[in-house]
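Q: I'm new to this structure and would like a close look at one part of it. Could you walk me through it slowly and then connect it to its surroundings?

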Amino acid sequence: MTPPLKKPNFEYQFYANIRDELFALKSFIRFHWFMSLMFLLGVLVFLYEVRPFPPSVVTIATGQPDSTYDSVGRMYQAYFQNNGIELKLVPTNGSVDNNRLISEQKVDAAFSQSGVPIPKPDQVMSLGSIEFEPLWFFYRGAHLDADDLPEFLAQKRVSVGAEGSGTKYMVLDLLNEHKIHIDNPGNQHVMTTIDSADALRAGRIDGLFILADMASKQLWTLLEDPTLRIMSFKSAQAISSKLGYTDPVVFPRGAVSLNPVRPANDIDLVATNTRIIVDKDMHPAIQYLFMMAGAYFYRNTDVYFKRPGGFPAFLDNDTEKSDVAIKYLRSSTSILERTFPFWIASFLDRAWLLVAALFAIAYPLMKMVPRYRNFHFNAAMNDRYIEMRRIEAMLDQCHSESDLLALEAAFDSLEEQVKGMWVPTNANERYYLMLNGLRLLRDRLDRNEKIWS
């Protein structure tokens, strides 16, 4: 009767293989330290160049409280948090301050208004624009036509935005382009948007400029005030042709309210665009996450001022473009984004060719693993076989009892070495062949001993 099959001891074999692997690695490092050191240096250089792991904290310069940049920054902050990255918002007065901070490398990224110069452009790069940002003019009193604006500004008290803000920069650019000269400079008030809105309602000023998109809570506060009027820039097309960093946009009739209809008519506006600029050393995975966030919010938020092709997009050429952003906009990455965490998707998107090359190298190396594990054992076996052959050769030339005693002492030492050898689990057959060879050699020694005794 055939005996039942016995289940192999898989657990023992598993742990034995792990012990073999660790011992083989230890032996390889010990006897081939130079190759191990070169391999370690190669891995370190690879990790330094590729930088697969992004930082956990990133800072971005935003804007005034409840401004466009502040509101968009909070949306980005939540998106980053969902991806395991802390995005710290740094409040400022606006785009001019933002450009200064990132040029001084005091922040990692910044919302920047197109057209506002960057103090040190060689230290930053652009991830592209994420939205249009129109310039609005709110005022009190009788209807004001755009042609009446120069006279209004010359005689009335108007807030031109805060110091360091993009609003002030664009307003002064606009006044200069229109050759508007304000007789009384005291009529220009440099104020934050919150202070400007309070002053307009209290009658301390007659109008205010604000650069904002629909994400700005400050803008909505002004839009929902029925006592305020919005001026329509009828020459928006012409203004945009003269101010190259702007585009004409239309705020549609009924955008604020359909009942009652407010505004009652379409309003022509001149818009710059908001772009994200980052430090040149920013981790590629963080750049990739910014691009993902920009695409996500354009798809999932109400967009009043659209453009063909959508956002993010490169609308300016005055700042170096990020290679990560260029590749993101040119290729479809949705599968990677849906399948992997953002930092892995970024790594695969920018380093897939390198990964393929590494696999082409690693695959044949993996096939060498069994030989690598047996390297130390094979080297030790060769040493023992050489010693066996030496004893056997000297045995043929043995001419005295003292010679025989020396050979027996050498054999005993060899036998101890063989019994103390580390034997990989897949080398048992060769090990027992060596033991068989030792027994045969012992038999020869015993026969010679009888002859000399």
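Where does P312 lie?

A: Keep in mind that this is a predicted model. P312 sits in the loop that runs between α10 and α11 (323–330). What catches the eye here is the peptide bond from F311 to P312, which is cis, with omega near 0°. That's worth a pause, because most peptide bonds are trans. There's another cis bond to look at, from N259 to P260, with omega near -5°. P260 is in a loop too, the one between β10 (257–258) and β11.

Now step back from P312 to α10, the helix on one side of its loop. Helix α10 covers residues 284–300, and its axis comes within 10 Å of the axis of α3, the two crossing at roughly 120°. That angle makes α3 oblique to α10. As for handedness, α3 and α10 cross in a right-handed way. On the α3 side, M75, Y76, Y79 and F80 make the contact, and they meet a set of α10 residues that includes I286, L289, F290, Y296 and F297. Sort the residues of this contact by class and you get eleven nonpolar, one polar and no charged.

Follow α3 (68–82) next, since it supplies at least two residues to the lining of the largest cavity, as do α6 (166–177) and β7 (207–211). Just ahead of this helix is D66, in the loop between β1 (57–61) and α3. D66 isn't a glycine, yet it has a positive phi of about 65°. Most residues other than glycine have a negative phi.

The largest cavity itself has a volume of about 170 Å³. Among its 19 lining residues, Q64, S67, E133, T167 and L211 are the closest to its centre. The lining as a whole has 14 polar residues, four nonpolar ones and one charged one. In total, the structure holds five cavities of 30 Å³ or more.

The second largest cavity takes up about 50 Å³. Its lining includes Q64 and T167, along with residues such as S159, M191 and F209. β5 (158–161), α7 (193–202) and β7 each give two or more residues to that lining. By class, the second largest cavity is lined by seven polar, four nonpolar and no charged residues.

Go back to P260 for a moment, in its loop between β10 and β11. Strand β11 (261–262) helps line the second largest pocket, with at least two residues each from β11, β4 (124–139), α8 (217–223) and β8 (229–230). This pocket holds about 470 Å³ of space. Of its 23 lining residues, R229, I230, P263, A264 and I267 are the closest to its centre. The lining divides into 14 nonpolar, six charged and three polar residues.

To finish, here's another helix pair to set beside α3 and α10. Helix α15 (residues 375–396) packs with helix α16 (residues 401–419) at an angle of about 165°, their axes 10 Å apart. The two are therefore roughly antiparallel to each other. Their crossing is left-handed. Among the residues that meet here are M388, I391 and L395 in α15, with L407, F411 and L414 in α16. By class, this contact has ten nonpolar, three charged and one polar residues.

Key
Residues numbered from 1 in each chain as written. Predicted model: local features only at pLDDT ≥ 70, side-chain atom pairs only at ≥ 80, totals over all residues. Heavy atoms only, no water. 1 Å grid on protein atoms, 1.4 Å probe; cavity = no way out; pocket = protein on both sides within 12 Å on 5 of 7 lines; lining within 4 Å. Points joined across faces, edges and corners; volume = space filled by probe spheres on them. Helix = DSSP H or I, 4+ residues; strand = E, 2+ residues; numbered from the N terminus. Nonpolar A, V, L, I, M, F, W, Y, C, P; charged D, E, K, R; others polar. Axes fitted to C-alpha atoms, helices over the stretch in contact; angles between N-to-C directions. Parallel < 35°, antiparallel > 145°, perpendicular 65-115°, else oblique. Left-handed = near helix turned anticlockwise from the far one by under 90°. Contact = heavy atoms within 4.5 Å.
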